[in-house]
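Reader: I am in my first year and would like to take a careful look at one part of this model. Could you guide me through it slowly?

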Amino acid sequence: MDDSGLPRGFDWEEAEDITALSEEALRGRLEALCEEERALSYRRRLLQGRIDLIRAELVGRGAVALSPEDLARVLLGDVPEGRG
């Protein structure tokens, strides 16, 4: 991620040469990446649930639903001065 918090593109120049790894090392890397993916997927589902709850609450109150960008700011606690 860069300073904005947005992911950077994959750096192919600095990518590890997986052809030089043993089968055991490859299996270890695969398991580690699968675990990381599971954790990210879980986090994404939690965030999506929170987004859905907030949107439902806003609709229930008769408010206009926030844009995804504005909702992300609210979830991250980045509310501008005088609004919150």
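Reader: Before we turn to helix H1 and its salt bridges, how much area does the chain expose, and what share of it do carbon and sulfur atoms supply?

Author: In this predicted model, the chain exposes about 7,700 Å², and carbon and sulfur atoms supply 56% of that area. Of the 84 residues, 5% count as buried, and the chain has two helices and zero strands.

Turning to helix H1, which covers residues 23-60, we can begin with Arg29, which forms a salt bridge with Glu16, their closest N and O atoms being 2.5 Å apart. Because Arg29 lies in H1 whereas Glu16 belongs to the segment before H1, this pair ties together parts that are 13 residues apart in sequence. Arg29 is partly exposed, with a relative accessible area of 39%, and Glu16 is also partly exposed, at 42%.

Further along, the side chain of Arg38 meets that of Glu35 in a salt bridge, at 3.0 Å from N to O, and both residues lie in H1, three residues apart, which is about one turn of the helix. Arg38 also forms a salt bridge with Glu31, where the closest N and O atoms are 3.1 Å apart. Through these shared partners, Glu31, Glu35 and Arg38 are joined into one network. As for their accessibility, Arg38 is partly exposed at 41%, Glu35 at 44% and Glu31 at 45%.

Finally, the axes of H1 and of helix H2, residues 68-75, come within 11 Å and cross at roughly 105°, so the two helices are roughly perpendicular to each other.

Key
Residues are numbered from 1 along each chain as its sequence is written. This is a predicted model: local features need pLDDT of at least 70, side-chain atom pairs count only at pLDDT 80 or more; totals for chains, interfaces and linings use all residues. Side-chain values use heavy atoms; hydrogens and water are left out. Axes are lines fitted to C-alpha atoms, for helices over the stretch in contact, and angles run from 0 to 180 degrees between N-to-C directions. Helices (H or I, at least four residues) and strands (E, at least two) are DSSP runs, numbered from the N terminus. Angles under 35 degrees count as roughly parallel, over 145 as roughly antiparallel, 65 to 115 as roughly perpendicular and the rest as oblique. Buried means under 20% relative accessible area, exposed over 50%, partly exposed in between (1.4 Å probe, protein chains only). Accessible areas come from the Shrake-Rupley method with a 1.4 Å probe; for residues, only the protein chains shown count as cover. A salt bridge is a side-chain nitrogen of Lys or Arg within 4 Å of a carboxyl oxygen of Asp or Glu.
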